[in-house]
Amino acid sequence: MNKKIIYIAIAIIFLIGGIISFNFYQKIFGNAVTKSGAIYIKSDDTFDGLKKQLSNYINKPENFIWVAEKKKFTKPKGGKYILKKGMSLNDVVNLLRSGNQTPIKLSFNNQDSLEKLAGRIAEQIETDSISLVKVMRENDFLVKNGFNQKNALGMYIPNSYEFYWNTSAEKFRSKMLIEYNRFWNTARLAKAKKLNLSKKEVITLASIVQKETAQKSERPIVAGLYLNRLRDGWPLQADPTVIYAIKQLKGDDFIVKRVLNNDLKIKSPYNTYQNTGLPPSLIAMPDVSSIDAVLNYKKHGYYYMCASVDNIGFHDFASSLAQHNRNAAKYQRWITQRGINR
């Protein structure tokens with residue numbers, strides 16, 4: 001009888017031990033992540049912050065802390081991490097310990113200033129806009145790489161790029177310089193040389209083309225028109241450069257829907273009615289289509305352009321001043337009828 005009791009007691013002990021072992025195993029290796037998703041860990045995040053994020057994906061975040069302690073995992077690495085439904089806490093700890101984060105697709109389009117660009121970038125990665133502007137304007141970096149405070153924006157080519165979410169401001173800038181140099185490949189450099197323009201001059205002209213028309217199909221025509229004027233020593237007489245000069249005086253938020261005759265007299269190196277040649281730097285960030293429109297401009301005999309009232313959003317082009325004056329008068333009547341005075 002006593003032996004029977006002993007055997008039962010031993011069986012119970014083994015059973016309890018088995019249950020405990022199974023529970024430990026389940027806690028470490030069992031399915032823990034309840035849904036798929038992404039978490040973003042900041043570079044200075046603590047375990048409390050990490051636990052809070054994981055609470056959206058794990059029923060018992062405290063179990064994660066327990067497993068992390070057992071595996072001596074004490075410091076999460078910043079970045080974007082993809083959690084998949086069914087992952088174990090062991091898998092999660094190993095993922096975060098390895099730093100095997102998932103890259104993000106960072107994109108930006110035409111931004112008119114470094115400040116606006118920095119704001120757009122800061123929406124997509126951990127780094128804040130103040131840090132980005134600081135490194136973008138760092139004088140030693142600009143001088144070393146052939147830029148200055150006025151043309152620094154031209155280093156950033158609008159596109160989509162792959163970055164890690166926790167990329168620092170310095171690393172972002174460094175990669176964008178690499179991408180800038182990659183963009184200016186042998187073919188593009190050869191076309192710029194044929195135009196007798198430097199890379200920065202191409203981007204300056206492209207920025208005017210960018211502001212002049214939103215129609216990609218028109219951009220090679222507009223580029224050809226301005227190149228005709230440059231070739232023959234004419235002033236560009238580009239309204240976007242005058243608007244840029246106005247905003248430099250009155251602020252970026254000043255709205256200009258109509259360029260007035262008095263505006264054409266503004267004393268500014270960016271006033272292409274008063275100065276021949278290209279302005280000192282780009283007036284906005286051109287996208288790839290505008291840059292390539294300059295490099296692959298359309299050859300024609302146009303020297304004048306005016307916003308079309310018959311094909312809104314496009315322009316009427318002219319080879320003679322007489323024809324242009326007729327187009328311009330038509331446009332002025334149209335815009336005045338709509339009460340647009342500024």
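**Note on buried charges, salt bridges and a cavity**

1. Asp287 and Arg219 are both buried, and in this predicted model their side chains form a salt bridge in which the closest N and O atoms are 3.3 Å apart. Asp287 lies in the loop between helix 12 and helix 13 (288-295), whereas Arg219 belongs to helix 11, so the pair ties together parts that are 68 residues apart in sequence.

2. Glu212 deserves to be read alongside that pair, since Glu212 is likewise a buried residue but has no salt bridge. The nearest side chain of opposite charge is that of Arg229, at 9.2 Å, and the distance within which a salt bridge is counted is 4 Å. Glu212 itself is placed in helix 10, which runs over residues 199-212.

3. What is Glu212 in contact with, once its neighbours within four places in sequence are left aside? The contacts are Val222, Tyr226, Ala238, Asp239, Pro240, Met305 and His315. A colleague who wishes to inspect the surroundings of this buried glutamate can take that list of residues as the place to begin.

4. The salt bridges come to nine in total, and one of them joins the side chains of Asp112 and Lys211 at 3.2 Å, N to O. This pair links distant parts of the chain, with Asp112 in the loop between strand 3 (104-108) and helix 5 (114-122) and Lys211 in helix 10, the two being 99 residues apart. Neither partner is buried: Asp112 counts as partly exposed at 36% relative accessibility, and Lys211 is also partly exposed, with a relative accessible area of 42%.

5. A salt bridge is also found between the side chains of Arg137 and Glu115, again at 3.2 Å, N to O. Because Arg137 lies in the loop between helix 6 (129-136) and helix 7 (139-144) while Glu115 is in helix 5, the pair ties together parts that are 22 residues apart in sequence. Arg137, at 30% relative accessibility, counts as partly exposed, and Glu115 is partly exposed as well, at 39%.

6. Turning to empty space, the structure holds one cavity of 30 Å³ or more, and the space in the largest cavity amounts to about 40 Å³. The residues that line the largest cavity are Phe147, Asn151, Gly154, Tyr180, Lys200, Ile203, Thr204 and Leu282. By character, this lining divides into four nonpolar residues, three polar ones and one charged. Helix 10 supplies the largest share of the lining, namely three residues; helix 10 is also where Glu212 and Lys211 are placed.

7. Two backbone angles should be looked at by eye. Lys72 has a phi near 55 degrees, a positive value in a residue other than glycine, and its place is in the loop between helix 3 (61-70) and strand 2 (79-83). Lys72 is exposed, its relative accessible area being 69%.

8. Where is Gln237 found? Gln237 sits in the loop between helix 11 (219-231) and helix 12 (239-250), and its phi, near 50 degrees, is a positive value in a residue other than glycine. With 33% relative accessibility, Gln237 counts as partly exposed, whereas Lys72 is exposed.

Notes: Residues numbered from 1 in each chain as written. Predicted model: local features only at pLDDT ≥ 70, side-chain atom pairs only at ≥ 80, totals over all residues. Heavy atoms only, no water. Helix = DSSP H or I, 4+ residues; strand = E, 2+ residues; numbered from the N terminus. Buried < 20%, exposed > 50% of the residue type's maximum accessible area, 1.4 Å probe, protein only. Lys, Arg positive; Asp, Glu negative; His and termini not counted. Contact = heavy atoms within 4.5 Å. 1 Å grid on protein atoms, 1.4 Å probe; cavity = no way out; pocket = protein on both sides within 12 Å on 5 of 7 lines; lining within 4 Å. Points joined across faces, edges and corners; volume = space filled by probe spheres on them. Nonpolar A, V, L, I, M, F, W, Y, C, P; charged D, E, K, R; others polar.
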